[in-house]
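The following dialogue asks on what grounds certain words are applied to a protein model. Each reply sets a value beside a definition and then draws the conclusion.

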Amino acid sequence: MTTHTAPVPERPHTATRRVAAAATVGTALESYDFYTYSYFAAFFAGPFFFSSLGTTGALLASFATIGIAFVVRPIGAVLFGHLGDRMGRRSTLLITITLMGVATGLVGLLPTGEGWAMFGAVALVLLRIVQGLSLGGEWGGAVLLATEHSDARRRPFFASLPQLGSPIGSVAAGGLMLAMFFGLGPEAMAAWGWRIPFLLAIPLIAISLYLRWSIDETPVFKELAASGQREKNPVWAAIRTQPAAFGVAILVALLGIGSYSLMNTYTMGYGVTALGFDEMQLLTAATIGGLLQFVTVPFFGWLATRVGSARVVGLGAIGTLLIAFPVYWLLGDATFGVLVTLMIVGGILPTASWAALGGTMQELFRGRHAYSALSVAYALAAVLSGFIPYLTAELGVLTGGAWWHPGVVLAVLSALTLVGAVMAQRMRRFGDEDIDAAQAVTRELVPEPV
């Protein structure tokens, strides 16, 4: 038997753009869901479903439903990571986006009123569990969908595009809620308006499914399946063969995820209660920072193609470490203009680490268990970061509310991520070099059957 070789045609740029859109849309819907539900939990979930617990108990219960999604997220990472490495990236992402969108839409259909409180509370918790499970498998798959369709040179840029989902979702959810409050008024919002942001997830599912259905499975997974390299237990294989990479990946992710929890959760409350800012001022400053990410995330993704993803993560960590204490020192006597400036500066530098996170983590793990490894490492970092507002508040109590206590947390996050970035730069060559040969956009020679 003889074999001949034929060049694989280069994938058109339109297909590449479609892959990027398909990868980004899920993380955008994830962020939209998170912020929409956060606003719902703050204003409506307690009175609707937990009023029997009293005012304080209802508020705590509604916030606890936010935490449920974080708790089950690692379980979803294991489940969908396994499917992604066994069944395929595209197929698994079709499942996760469907679960996420349907669960979000069903929240908008929950009945309210005293006679439905118990049913609504149970159904709400169950839907949050479904959302959390789907979130666990979304991010890692989105990064692989973007990068495994791209050549090695452009991979860091395309890995940054799923990170755009966070500002897209947060700006969309925040803008919609503000517009509805101003347009409908509080009474109409409480009566029926709160359902609209959740129900909008249904048409968003249709768009997301269309984009993901219209693209092919990634060349990397096709190559792994054709060569029989799929792992039977990819999660265990990743832990067994690359245990150090897990620790490094979590360190790399801490600043990008944790700074968001610190700046947009703790600092919001701290700014109102301790610094005397108005809620609308803080929301406006945060929204401006979110809009700026539409520019900064692609820029840092482009920069990663020039200097490497791990170096961009490290640059972001160094910059954030340098401004961690000055930002909070200046906040004490800041005017609104200074507040906006500080929120922008304090957001740009961690965004560098956030934008290059996917590229850095993708370079750490082998393709045959990459979905599982990325999903689990990211989920664990997200769970740890979820405690940052609480830990920062406890540190504030211990220090008597000293101005520098949030700076300590931001500095620690920066230092840990800097260590992770340095280690990731040294470990990045441990990945499978043959994965690059599977990229459909390269002009590799492949066997042609006779």
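**Reasons behind the words**

Q: Which residues is Phe49 in contact with, leaving aside its neighbours within four places in sequence?
A: Phe49 is in contact with Phe40, Leu110, Pro111, Thr112, Ala117, Gly120, Ala121 and Leu124, once neighbours within four places in sequence are left aside. Contact here means heavy atoms within 4.5 Å.

Q: What kind of model is this, and how are its residues numbered?
A: This is a predicted model, in which local features need pLDDT of at least 70 and side-chain atom pairs count only at pLDDT 80 or more, while totals for chains, interfaces and linings use all residues. Residues are numbered from 1 along each chain as its sequence is written, and side-chain values use heavy atoms, with hydrogens and water left out.

Q: What is the mean pLDDT of the protein, and where is confidence lowest and highest?
A: The pLDDT is the predictor's confidence in each residue, on a scale from 0 to 100. Its mean for the protein is 84, and 91% of the residues reach 70 or more. Confidence is lowest in strand S2 (residues 445-448), with a mean of 42, and highest in helix H19 (residues 405-427), with 95. Over residues 1-14 the pLDDT is below 50, and the model gives this stretch 28 contacts beyond near neighbours in sequence. Helices (H or I, at least four residues) and strands (E, at least two) are DSSP runs, numbered from the N terminus.

Q: Why is Phe49 called buried or exposed?
A: Buried means under 20% relative accessible area, exposed over 50%, and partly exposed in between (1.4 Å probe, protein chains only). Phe49 has a relative accessible area of 4%, and therefore it is buried. Phe49 is found in helix H1.

Q: Why does Ser31 count as buried, and what does it touch?
A: Ser31 has 7% relative accessibility, so it counts as buried. This residue is found in helix H1 (residues 13-49). Not counting residues up to four places away in sequence, Ser31 touches Gly165, Ser166, Gly169 and Ser170.

Q: Why is Leu209 called partly exposed?
A: Leu209 has a relative accessible area of 27%, so it is partly exposed. Leu209 lies in helix H9, and it touches Leu94, Ile97 and Thr98, not counting residues up to four places away in sequence. Its C-alpha atom is separated by 9.5 Å from that of Val25, although the two residues are 184 residues apart along the chain.

Q: What makes the pair of Arg73 and Glu30 a salt bridge?
A: A salt bridge is a side-chain nitrogen of Lys or Arg within 4 Å of a carboxyl oxygen of Asp or Glu. The closest N and O atoms of Arg73 and Glu30 are 3.1 Å apart, and the two residues form a salt bridge. Arg73 lies in helix H2 (residues 54-86) and Glu30 in helix H1, so the pair ties together parts that are 43 residues apart in sequence. Arg73 counts as buried at 6% relative accessibility, and Glu30 counts as buried at 11%.

Q: How do you know that Arg212 forms a salt bridge with Glu138?
A: Their closest N and O atoms are 2.5 Å apart, which satisfies the limit of 4 Å. The pair links distant parts of the chain, with Arg212 in helix H9 (residues 201-213) and Glu138 in helix H4 (residues 117-147), 74 residues apart. Arg212 counts as buried at 1% relative accessibility, and Glu138 does so at 0%.

Q: How many salt bridges does a search of the whole structure find?
A: The search finds six salt bridges. Among them, the side chains of Arg154 and Asp151 meet at 3.0 Å, N to O. Both Arg154 and Asp151 are buried. Salt bridges that share partners also join Asp85, Arg89 and Glu148 into one network.

Q: Why are Ala188, Met189 and Gly193 placed on the same side of H7?
A: In helix H7 (residues 186-193), Ala188, Met189 and Gly193 are buried. They cover an arc of only 100° around the axis, which puts them on the same side of H7. The arc is that of the directions from the helix axis to the C-beta atoms. On the other side of H7, Pro186, Glu187 and Ala191 are exposed.
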